[in-house]
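Trainee: I am new to this structure and would like a close look at a single part of it. Please pick one buried charged residue, go through its surroundings, and then work outwards from there.

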Amino acid sequence: MSGFSAVRSSSETYKKDKRRFETKKVPTKTSKVLELPYSNVAILEEGKARLFKDGNPIIYNGAVKEIRGDLQSGDDIYVVDHNGNLVGRGFFNSHSQYKVRLIARSFEDEVSLPLSEIIERRLDHAISVRKSLFLPSESTTAYRLVNGEGDSLSGLMIDVFNDLVTIQSSAVW
């Protein structure tokens, strides 16, 4: 009996969490050409979207079927699956095998905000997490304020050493 209740509670948890991974639908034509409401968009190859919906923020070149828009590295870009369902938003990089660094996913409320506001919210959250860990403290004055993917700011690291702050980015923003 206890095994059954554990399976049942696991199933209930899955049903609750499943909503996080639902995507927003966008209209498609009956032909093979997707009509999308975004001017800058990366369309993923069939079968590739799940990896990014499940949490990987780095969209590599091999996962992208098509890029639409007049894009420069660092531009805001929407990412959709092969059916036109929104996966998320991020920054485009034409010079890297990592074509897009996702900053927001379709299930997050922030996905429709300007990217600058999303980044500001992520930075504020990182600061509050470090404060909850009592950083900085009298005994700990060196710490990582932003840890890239762990703080939903893919490619960005910010370290604090006493009153010195260093910023390192492996992404084009």
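Mentor: Arg-122 has a relative accessibility of 9%, so this residue counts as buried. The model is a predicted one, and everything said here about Arg-122 is read from that model. Arg-122 is placed in helix α3, which spans residues 115-132.

Start with the side chain. The side chain of Arg-122 makes a polar contact of 3.3 Å with the side chain of Glu-108. The two side chains also meet in a salt bridge, at 3.3 Å from N to O. Glu-108 sits in the loop between β6 and α3 while Arg-122 is in the helix, so the pair links distant parts of the chain, 14 residues apart. Glu-108 counts as buried too, because its relative accessibility is 17% and the cut-off for buried is under 20%.

Next, the wider set of neighbours. Leaving out residues up to four places away in sequence, Arg-122 touches Ile-103, Ala-104, Glu-108, Glu-110, Asp-151, Ser-152 and Leu-153. Two of these neighbours, Glu-110 and Asp-151, lead on to further salt bridges.

Take Glu-110 to begin with. The side chain of Glu-110 meets that of Arg-121 in a salt bridge of 3.8 Å, N to O. Arg-121 lies in helix α3 and Glu-110 in the loop between β6 and α3, so this pair ties together parts that are 11 residues apart in sequence. Glu-110 has a relative accessible area of 18% and is buried, whereas Arg-121, at 41%, is partly exposed. Glu-110 and Arg-121 are also linked with Glu-117 in a network of salt bridges.

Now Asp-151. This residue forms a salt bridge with Arg-130, and the closest N and O atoms are 2.6 Å apart. Asp-151 is in the loop between β7 and β8 and Arg-130 is in helix α3; the pair links distant parts of the chain, 21 residues apart. Asp-151 and Arg-130 are both buried. A search of the whole structure finds 10 salt bridges, among them the ones just described.

Another buried arginine can be set beside Arg-122. Arg-101 lies in strand β6, and its relative accessible area of 8% makes this residue buried. The side chain of Arg-101 has a polar contact of 3.4 Å with the side chain of Glu-149 and one of 2.9 Å with the side chain of Ser-154. Beyond its neighbours within four places in sequence, Arg-101 is in contact with residues including Pro-57, Ile-58, Arg-89, Phe-91, Ser-170 and Ala-171.

Helix α3 also belongs to the nonpolar part of the picture. The largest nonpolar core has 24 residues, and those that touch the most other members are Leu-36, Tyr-38, Val-80, Ile-118, Leu-145 and Val-146. At least two residues of this core come from each of β1, β5, β6, α3, β7 and β8. The most, 4 residues, come from α3. In soluble globular proteins, nonpolar side chains tend to be buried together.

Val-80 shows what a member of this core touches. Not counting residues up to four places away in sequence, Val-80 touches Leu-36, Tyr-38, Val-41, Ala-42, Ile-43, Leu-44, Asn-85, Leu-86 and Val-87. Apart from this core lies another of 14 residues, including Phe-52, Ile-59, Ala-63 and Val-79.

Some members of the cores take part in ring pairs, and the whole structure has 3 aromatic pairs. The rings of Tyr-38 and Tyr-78 are stacked, because their centres are 4.1 Å apart and their planes are at 15 degrees. Tyr-38 is in the loop between α1 and β1 and Tyr-78 is in strand β4, so the pair ties together parts 40 residues apart in sequence. Tyr-38 counts as buried at 17% relative accessibility, while Tyr-78 is partly exposed at 22%. The pair of Phe-52 and Tyr-60 is tilted, with 5.9 Å from centre to centre and 55 degrees between the planes. Phe-52 is buried at 0%, and Tyr-60 is partly exposed at 29%.

Last, a word on confidence. The chain has an average pLDDT of 85, and 81% of the residues score at least 70. Over residues 1-31, however, the pLDDT is below 50, and this stretch has 25 contacts in the model beyond near neighbours in sequence.

Notes:
Residues numbered from 1 in each chain as written. Predicted model: local features only at pLDDT ≥ 70, side-chain atom pairs only at ≥ 80, totals over all residues. Heavy atoms only, no water. Core = buried A, V, L, I, M, F, W, Y, C linked by side-chain atoms within 4.5 Å. Buried < 20%, exposed > 50% of the residue type's maximum accessible area, 1.4 Å probe, protein only. Contact = heavy atoms within 4.5 Å. Polar contact = N/O pair within 3.5 Å; in protein donor to acceptor, adjacent residues only side chain to side chain. Phe/Tyr/Trp six-rings, centres within 6.5 Å; stacked < 30°, edge-to-face > 60°. pLDDT = per-residue confidence, 0-100. Salt bridge = Lys/Arg side-chain N within 4 Å of Asp/Glu carboxyl O.
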